[in-house]
Amino acid sequence: GFIINRDGYILTNDHVIEDAQRIVVTLQDGREFKARVIGRDDKSDIALIKIDAAGHLPVAPLGDSDNVRVGQWVIAIGNPFGFDHSVTAGIVSAKGRFIPGSYDDFIQTDASINPGNSGGPLIDRRGTVVGVNSAIYTRTGASMGIGFAVPVNLVKDELPQLRDLGKVVRGW
């Protein structure tokens with residue numbers, strides 16, 4: 001996951017925290033914090049968690065996923081196979097991808113996304129978050145160069161409900 005404001009709110013994937021008994025957030029400087037779940041949405045695979053931390057927290061600024069273009073360079077940050085704070089680069093391969101049983105407007109990228117990258121940010125060249133790394137297409141369990149991220153504009157629309165209601169309420 002990644003910190004989205006100085007109050008300690010963190011975005012990650014719902015599937016990352018789904019069956020957790022305890023959530024511990026480790027920052028790059030080595031500090032560890034217990035986190036609590038604020039809200040979850042399994043349809044978009046987004047979860048909002050929170051840590052209580054005094055002092056400076058590194059915040060990832062949220063960008064505008066509507067401005068993302070096919071062919072644009074992006075960076076995926078995560079913890080693939082336990083290698084913490086790993087960074088990979090690639091391009092946006094497509095937008096509006098559908099994954100059965102899930103949200104239907106994913107950003108597809110060829111930046112290496114492997115097990116452990118889930119919940120990390122997909123960042124544009126300006127350093128703003130344009131997506132939340134969520135899934136890979138694989139036949140072997142490892143990256144095949146087809147990764148998917150939830151567009152950050154969807155996440156921004158869901159944040160108030162996740163924070164205030166603990167879930168996302170949708171109409172029929």
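Two strands count as paired here if DSSP finds at least two bridges between them, and Phe2 standing opposite Leu11 in S2 is a good place to see that. Helices (H or I, at least four residues) and strands (E, at least two) are DSSP runs, numbered from the N terminus. This is a predicted model, where local features need pLDDT of at least 70 and side-chain atom pairs count only at pLDDT 80 or more, while totals for chains, interfaces and linings use all residues. Residues are numbered from 1 along each chain as its sequence is written, and side-chain values use heavy atoms, with hydrogens and water left out.

**The open sheet**

- Five strands make up an open sheet in the order S1-S2-S5-S4-S3, with antiparallel pairing.
- The edges belong to strand S1 (2-3) and strand S3 (23-26), each with a single partner strand, so one side of each has no neighbour in the sheet.
- S1 and S2 are held in antiparallel register by 2 bridges.

**Phe2 and the nonpolar cores**

- A nonpolar core means a set of buried Ala, Val, Leu, Ile, Met, Phe, Trp, Tyr and Cys residues joined through side-chain atoms within 4.5 Å. Buried is under 20% relative accessible area, exposed is over 50%, and partly exposed is in between (1.4 Å probe, protein chains only).
- The largest core has 19 residues, and the members touching the most others are Phe2, Ile4, Leu11, Ile46, Leu48, Val150 and Val155.
- At least two residues of this core come from each of S2, S5, S10, S11 and H2.
- H2 gives the largest share, 5 residues.
- A second, separate core has 12 residues, among them Ile23, Leu27, Ala47 and Leu57.
- Phe2 has a long contact list (heavy atoms within 4.5 Å): leaving aside neighbours within four places in sequence, it includes Tyr9, Leu11, Leu62, Pro121, Val129 and Val132.

**Helix H2**

- H2 covers residues 152-165, so to speak 14 residues reaching 20 Å from first C-alpha to last. That is close to the expected 20 Å, where the expected span is 1.5 Å times one less than the number of residues.- A kink of about 40° sits at Glu158, shortly before Pro160; the bend at a residue is the angle between axes fitted to the seven residues ending there and the seven starting there.
- Val152, Asn153, Leu154, Val155, Glu158, Leu159 and Leu162 are the buried residues of H2.
- Those buried residues pack against strands S2 (9-12), S4 (32-41), S5 (46-51), S10 (129-136) and S11 (147-151).
- Right after H2 comes Gly166, with a positive phi near 85°.

**Strand S10 and its partners**

- S10 is mostly covered, with 6 of its 8 residues buried.
- On one pairing, strand S9 (residues 121-123) runs antiparallel to S10 through 3 bridges, and Ile123 stands opposite Val129.
- S9 and S10 form a hairpin with 5 residues between them, and Gly127 in the turn has a positive phi of about 90°.
- S10 also pairs with S11, antiparallel over 5 bridges, with Ala135 opposite Phe148.
- Val132, found in S10, is buried at a relative accessible area of 0%.
- Not counting residues up to four places away in sequence, Val132 touches residues including Phe2, Ile46, Phe148, Val150 and Val155.
- Val132 and Pro151 are 19 residues apart in sequence, with their C-alpha atoms 6.7 Å apart in space.

**The aromatic pair**

- Rings of Phe, Tyr and Trp (its six-membered ring) pair if their centres lie within 6.5 Å; planes under 30 degrees apart count as stacked, over 60 as edge-to-face and the rest as tilted. By this rule there is 1 aromatic pair.
- Phe106 and Phe148 have ring centres 6.1 Å apart and planes at 70°, so the pair is edge-to-face.
- The pair links distant parts of the chain, 42 residues apart, with Phe106 in strand S8 (residues 106-109) and Phe148 in strand S11.
- Phe106 is buried at 1% relative accessibility, and Phe148 is buried at 9%.

**Two loop residues with positive phi**

- Most residues other than glycine have a negative phi.
- Phe81 has a positive phi, near 55°, and lies in the loop between strand S6 (73-78) and strand S7 (86-97). Its relative accessibility is 51%, so Phe81 counts as exposed.
- His85 is found in the loop between S6 and S7, and its phi is near 55°, again positive. With a relative accessible area of 34%, His85 is partly exposed.
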